[in-house]
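Visitor: Good afternoon. Could you take me through this protein step by step?

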Amino acid sequence: MTTPTAEQSGPPAIPTASGRAGASYTLRDLLRYMLWLGTTGFGGPVALVGFMHRDLVENRKWIGEDDFKEGLALAQLAPGPLAAQLAIYLGYVHYGVLGATLSGVAFVIPSFLMVVALGWAYVRFGGLPWMQAVFYGVGAAVIGIIANSAYKLTWKTIGKDWLLWAVFVVSAAVTAITESEVVWLFLAAGLLVWLVRSPPRLMRRSKSPGATLFSLPPLAMAAGAGGAAVVSWPLLGQIGVFFLKAGAFVFGSGLAIVPFLYGGVVKEHGWLNDRQFLDAVAVAMITPGPVVITVGFIGYLIAGFPGACVAALGTFLPCWGFTVLPAPYFRKYGKRPGIVAFVNGVTAAAIGTICGAVIVLGRRSIVDVPTAVIAIAALLVLWRFKTREPLVVAAAAIIGVLLKIFVIHTP
């Protein structure tokens, strides 16, 4: 964990690639981990956040609990995919902009290559009908995976704090009912805990007058902040602009971006039809890494490999900027009481949203008795036997195919 810099003067301290910020691991170690997580991390943002906390905070102890909370709060406040932004921030903690950039690339590139390969197969062989059978089992198992991760993350982070539990419950309920993430809820949660735990000088006498009032600007900055043979540059330009907007203006993570993509890709531009779009979402769900990597598959169907690259770059570039630019201020001011209280409130709301997402995704994936059994079995296996998630996903995929063929086969 880095040394607090809240009392230092001058510009925020930026860690260097040499690891002089006190890292107990090398940048190569972190990149190896991000590549592994991007290759084997099933379950979407909910599970991926839990994996990072388990592996980097609890087991390896590379990242401090406070640093993780700050990264989760910043990722939740800023638009873009949650898991990718958290990976970028964790790379920044000890290795600055270089670490942030390489961590983000290492985390995203495995799933990007997978969806591009599936895009090629989809175009080459005329669709992927087997995907429905695979997703039948995988989608149910994923609910068990993210429920297990959400449970561990909740108890580890919130503990017995009654105020944070209240924030958690409200956030989970709102997410489950509205089926969306409400960014103003995160801000309100942060302000509530800040006012209760570390009120500004107007509400109480403070030994450090500027500790809370002057810590708001950094927070405001954080919050505001087809296989075609011939490349069609105008089309690539349209793709770039659209996915840049998707990455810059859509709050929420994973499936939260799907309605925006559907409105633009299917309704507005007519690049894909409904069937193709649903297949793209299914591809994202049966591949590891961030769910939002579906943009690579969509881009490939529209304009081949160049389209996939432009769509992915347009989506992830804003989330890199929204993470790296405010990161120095978060690290400089993050240890002040007002900021700590604000971050705790946002973190509780974020975890509540994650748990609410379990309910939302469960409604879509658990559609009958077999899927309910698969979800419960996955949860129990992970909880009782500490089995690795990829093995659970592989077993669920096989079970799903067998059930579709021999039990509930439909023409």
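Guide: The conversation below goes from the overall fold to the surface, the interior and a few single residues.

Visitor: What kind of model is this, and how are residues numbered?

Guide: This is a predicted model, in which local features need pLDDT of at least 70 and side-chain atom pairs count only at pLDDT 80 or more, while totals for chains, interfaces and linings use all residues. Residues are numbered from 1 along each chain as its sequence is written, and side-chain values use heavy atoms, with hydrogens and water left out.

Visitor: How many helices and strands does the protein have?

Guide: The protein has 17 helices and 0 strands. Helices (H or I, at least four residues) and strands (E, at least two) are DSSP runs, numbered from the N terminus.

Visitor: What percentage of the residues is buried?

Guide: Of the 411 residues, 58% are buried. Buried means under 20% relative accessible area, exposed means over 50%, and partly exposed lies in between (1.4 Å probe, protein chains only).

Visitor: And what about the area that the protein exposes?

Guide: The protein exposes about 17,600 Å², and carbon and sulfur atoms supply 69% of it. Accessible areas come from the Shrake-Rupley method with a 1.4 Å probe; for residues, only the protein chains shown count as cover.

Visitor: Which residues make the nonpolar surface patch?

Guide: Y151, W155, I376, L380 and W383 make this patch of about 590 Å². Patches are made of residues with over 30% relative accessible area and no salt bridge; like charges are joined within 9 Å, and nonpolar side chains (Val, Leu, Ile, Met, Phe, Trp, Tyr) within 5 Å.

Visitor: Which helix gives the most to it?

Guide: Helix α16 gives the most, with 3 residues. Both α5 (130-158) and α16 (369-385) supply at least two residues each. Y151 has its place in α5, and Y151 counts as partly exposed because its relative accessibility is 46%.

Visitor: Staying with α5, what does G144 touch?

Guide: G144, also found in helix α5, is in contact with A375, A378, L379 and L382, leaving aside neighbours within four places in sequence. Contact means heavy atoms within 4.5 Å. G144 is buried, with a relative accessible area of 2%. G144 and G43 are 101 residues apart in sequence and 9.0 Å apart in space, C-alpha to C-alpha.

Visitor: Now the interior. How many residues does the largest nonpolar core have?

Guide: The largest nonpolar core has 124 residues, and those with the most contacts inside it include F107, F243 and I298. Helix α4 (residues 82-125) gives the most to this core, with 20 residues. A nonpolar core is a set of buried Ala, Val, Leu, Ile, Met, Phe, Trp, Tyr and Cys residues joined through side-chain atoms within 4.5 Å.

Visitor: What does I298 touch?

Guide: Not counting residues up to four places away in sequence, I298 touches F243, L261, V265, L272, F277 and A280. With the same exclusion, T294 touches L261, A280, V281 and A284. T294 is found in helix α13 (residues 294-324) and is buried at 4% relative accessibility.

Visitor: One last topic: how many salt bridges are there?

Guide: A search of the whole structure finds 2. A salt bridge is a side-chain nitrogen of Lys or Arg within 4 Å of a carboxyl oxygen of Asp or Glu. R32 pairs with D29, the closest N and O atoms being 2.7 Å apart, and R54 pairs with D55 at 2.9 Å.

Visitor: Are these residues buried or partly exposed?

Guide: R54 and D55 are both buried. R32 is partly exposed at 49%, and D29 is partly exposed at 22%. R32 and D29 both lie in helix α1 (residues 27-40), 3 residues apart, about one turn of the helix.
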